[in-house]
Amino acid sequence: MSEDGAVTSAPQRPDGPTPAPRLIATDLDGTLLRDDKSVSLRTVAALAAAEEAGIEVFFVTGRPARWMDVVADHVHGHGLAICANGAAVVDLHAGREFVQVRELPRGTALDVVEALRAAAPGTSFAVERTTGINYEPDYPPFFQDPGATIATVEKLLQEDLDDGTAPVLKLLAHHGELSPDAFLELARTAAGQYASITRSSPTALLEVSGLGVSKASTLALCCAERGISPEEVVAFGDMPNDVEMLSWAGTSYAMGNAHPAVIAAASGQTVANNEDGVAIVIEAILADRAARA
């Protein structure tokens, strides 16, 4: 969903020379995916061409592993994706197996719950574990999960549940009256000392991860394992949960439909997700590489 006037002209590329990229990191919803959650044929071709040219592609998303089927067929090479805003690295070639988990400690989650209930009465919560999502009775049923446990968040965080020993990836917090950005600012003020708090929804729905866990920090770990520097990374995003990643990458693009904070953080801007903004930039990168060869 657009949070700013959409850019429909040619991408605005960063000024000055940029190193030849070795890795492309892209968000999914509102970025790589069209609004109908499809991957266009042009984007599919661009991703495959990048991998064929030796440029690794990482999908870096707030989605849980169980929602990665939409792009599972488009991961080449390593097969890895960063999910849950950096809380998990999963292998899409191995049935979404968890390769790395950066969990949110239960005690920390409870500290955040207490702080947000005091700062924003009426907040409802959900708990995302490696095994799935459970939520409070008042939490909006954005996506019905027939296997979900419905109880107070304190109960959901107890270890005596059926999946109580499974790592917590994210705490989700929803408010029915506050604006999305106002809720985010309030939550960061009230509980930012406990955890990383961001958002990717057009509603007042916050995503809470372990302190220091973000798309950027997990991407940095994956790049370090490969000997890839930030300057060799091109990143794409559209929402506040992408800001750290776009600031970290040597070259970054805000989508034409991006939140103003994302536009401010990125070094360049491309057209909207529905206009294949990621594919257009990848095509330009590959054309530049071919011209230099």
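**Exercise 1. The surface**

How much area does the protein expose, and what percentage of it do carbon and sulfur atoms supply?

*Solution.* Keep in mind that we are working with a predicted model. The exposed area comes to about 12100 Å². Carbon and sulfur atoms account for 53% of that area.

**Exercise 2. The overall fold**

Describe the protein by its secondary structure, its dimensions and its contacts.

*Solution.* Start with the elements: there are ten helices and 13 strands. Next, take the radius of gyration, which is 19 Å; the globule rule gives 19 Å for 293 residues, so the protein is as compact as a globular protein of that length. The C-alpha trace spans about 60 × 40 × 30 Å along the principal axes. Then turn to burial: 53% of the 293 residues count as buried. Finally, consider contacts between residues at least 6 apart in sequence; 60% of these join residues at least 24 apart.

**Exercise 3. The charges**

How far apart are the mean positions of the positive and negative charges?

*Solution.* Count first: the protein has 20 positive and 40 negative charges. Then compare the two mean positions, which lie 2 Å apart.

**Exercise 4. An aromatic pair**

Classify the ring pair formed by Phe236 and Tyr253, and place both residues in the fold.

*Solution.* A pair of aromatic rings is described by the distance of the centres and the angle of the planes. The count for this protein is two aromatic pairs. For Phe236 and Tyr253, the ring centres are 5.5 Å apart and the planes meet at 15°, so this pair is stacked. The cut-off needed here is that planes under 30 degrees apart count as stacked. Now locate the partners: Phe236 belongs to strand S11 (residues 233-237) and Tyr253 to strand S12 (residues 251-254), so to speak two distant parts of the chain, 17 residues apart, linked by the pair. Both Phe236 and Tyr253 are buried.

**Exercise 5. Two residues, two settings**

Are Val44 and His174 buried or partly exposed, and which residues do they touch?

*Solution.* Val44 sits in helix H2 (residues 41-52). Its relative accessibility is 25%, so Val44 counts as partly exposed. Beyond residues up to four places away in sequence, Val44 touches Val39 and His74. The C-alpha atoms of Val44 and Leu169 are separated by 29 Å, with their places 125 residues apart along the chain.

His174 lies in strand S8 (residues 168-174). With a relative accessible area of 12%, His174 is buried. Leaving aside neighbours within four places in sequence, its contacts include Gly122, Tyr139, Phe142, Phe183 and Leu205.

Definitions and conventions
Residues numbered from 1 in each chain as written. Predicted model: local features only at pLDDT ≥ 70, side-chain atom pairs only at ≥ 80, totals over all residues. Heavy atoms only, no water. Phe/Tyr/Trp six-rings, centres within 6.5 Å; stacked < 30°, edge-to-face > 60°. Helix = DSSP H or I, 4+ residues; strand = E, 2+ residues; numbered from the N terminus. Buried < 20%, exposed > 50% of the residue type's maximum accessible area, 1.4 Å probe, protein only. Rg over C-alpha atoms; globule rule 2.2 N^0.38 Å. Contact = heavy atoms within 4.5 Å. Areas by Shrake-Rupley, 256 points an atom, 1.4 Å probe, with all protein chains shown as cover. Lys, Arg positive; Asp, Glu negative; His and termini not counted. Charge placed at Lys NZ, Arg CZ, Asp CG, Glu CD.
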